[in-house]
Amino acid sequence: MDYRIIEKKLQILRGMATERSFPVTGWQARTADNPAAGKYVFDGPWRNTALPAEFPAGKTVFLRAAMTVPSSVRLQDTFLSVAMNDMEGLLSLDGRPHAGIDWGHPRTPVPGKGRFQVGLEFMSVPSVYWTPELASRRSSFSGASVVVVDREIDALYFDVRFAWETAGVITDPRRKPLL
């Protein structure tokens with residue numbers, strides 16, 4: 001079967017797990033070169049950013065906004081979900097490191113209800129460092145949302161995704177039909 005069909009079905013299933021969504025708005029961004037650990041050469045000041053936003057390969061991308069976790073949500077089922085492509089890095093809340101964010105880990109539990117300052121520090125197209133021919137590629141950031149999920153549908157999504165990914169690498173003919 002065409003992998004794109006399976007990926008689309010997985011995307012639909014994951015979307016079905018979302019009960020409520022509260023977009024984070026008011027994003028600002030700036031980019032920098034990172035010539036040495038802890039040293040940044042910024043390309044300019046913070047600027048309001050329309051979404052989706054694109055960034056050149058090899059740049060460090062800084063994004064910030066304020067988010068509100070409503071008092072009405074079930075905290076144990078509430079996450080910050082980040083939509084990005086070809087980016088990975090660190091999510092900070094109120095200036096403190098909170099979670100690593102990348103394509104396989106685009107969301108993290110929220111720490112509580114109320115208002116938080118969100119900070120993201122991403123590497124744009126990190127693969128450019130070992131595949132220089134990707135230097136013309138651009139990453140994209142489409143925003144973030146506070147999401148409340150149905151944990152059972154969410155668990156089903158992860159089970160089906162695991163089975164799909166595993167089926168592609170299992171070579172034992174006795175196990176393949178079980179997936």
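1. Let's start with who touches whom along the chain. Among the contacts in this protein between residues 6 or more positions apart, 74% join residues that are 24 or more positions apart. A contact here means heavy atoms within 4.5 Å. Keep in mind that this is a predicted model: local features need pLDDT of at least 70, side-chain atom pairs count only at pLDDT 80 or more, and totals for chains, interfaces and linings use all residues. Residues are numbered from 1 along each chain as its sequence is written, and side-chain values use heavy atoms, with hydrogens and water left out.

2. Now the overall layout. The protein has 2 helices and 12 strands, and along the sequence they follow the pattern α-β-β-β-β-β-β-β-β-β-β-β-β-α. Helices (H or I, at least four residues) and strands (E, at least two) are DSSP runs, numbered from the N terminus. Along the principal axes, the C-alpha atoms fill a box of roughly 55 × 50 × 25 Å.

3. What about the surface? The accessible surface comes to about 10,700 Å², and 55% of that belongs to carbon and sulfur atoms. These areas come from the Shrake-Rupley method with a 1.4 Å probe; for residues, only the protein chains shown count as cover. Of the 179 residues, 38% count as buried. Buried means under 20% relative accessible area, exposed over 50%, and partly exposed in between (1.4 Å probe, protein chains only).

4. Have a look at Lys 59, in the loop between strand S5 (53–56) and strand S6 (60–69). Lys 59 counts as buried because its relative accessible area is 16%. Leaving out residues up to four places away in sequence, Lys 59 touches Thr 31, Ala 32, Asp 33, Asp 43, Phe 122, Met 123 and Ser 124. With one of these, Asp 33, Lys 59 shares a side-chain polar contact of 3.0 Å. A polar contact is a pair of N or O atoms within 3.5 Å; within protein, one must be able to donate a hydrogen and the other to accept it, and residues adjacent in sequence count only if both atoms are side-chain atoms. Ala 163 is another matter: 104 residues along the chain from Lys 59, with 35 Å between the C-alpha atoms.

5. Next, Arg 107, which sits in strand S10 (residues 107–109). Is Arg 107 buried or exposed? Arg 107 is buried, because its relative accessibility is 17%. Its side chain makes a polar contact of 2.2 Å with the side chain of Asp 154. Beyond four places in sequence, the residues that Arg 107 touches include Arg 14, Phe 79, Ile 101, Val 149 and Phe 158.

6. Ser 145 belongs to strand S12 (residues 138–149). With a relative accessibility of 17%, Ser 145 counts as buried too. Setting aside residues up to four places away, Ser 145 touches Ser 21, Phe 22, Pro 23, Val 24, Phe 79, Leu 80 and Ser 81. Glu 133 is 12 residues from Ser 145 in sequence, yet their C-alpha atoms are 33 Å apart.

7. Don't skip the segment after H2, where you'll find Asp 172. Asp 172 is buried, at 19% relative accessible area. The side chains of Asp 172 and Arg 174 are joined by a polar contact of 2.7 Å.

8. On to the empty space. Rolling a probe the size of a water molecule over the atoms shows where such space is left. On a 1 Å grid over the protein atoms alone, a pocket is an open set of points where a 1.4 Å probe fits, with protein on both sides within 12 Å along at least five of seven lines; lining residues have an atom within 4 Å of a point. Grid points are joined across faces, edges and corners, and a volume is the space filled by probe spheres set on the points.

9. The largest pocket holds about 890 Å³ of space. Of its 27 lining residues, Arg 14, Trp 103, Gly 104, Pro 106 and Tyr 157 are the closest to its centre. Which element gives the most to this lining? S7 does, with 6 residues. The lining divides into 13 nonpolar, 7 polar and 7 charged residues. Ala, Val, Leu, Ile, Met, Phe, Trp, Tyr, Cys and Pro count as nonpolar, Asp, Glu, Lys and Arg as charged, and the others, Gly among them, as polar.

10. The second largest pocket holds about 170 Å³. S6, S8 and strand S11 (114–124) each give two or more residues to its lining, with S11 giving the most, 5 residues. This lining has 6 nonpolar, 4 polar and 2 charged residues.
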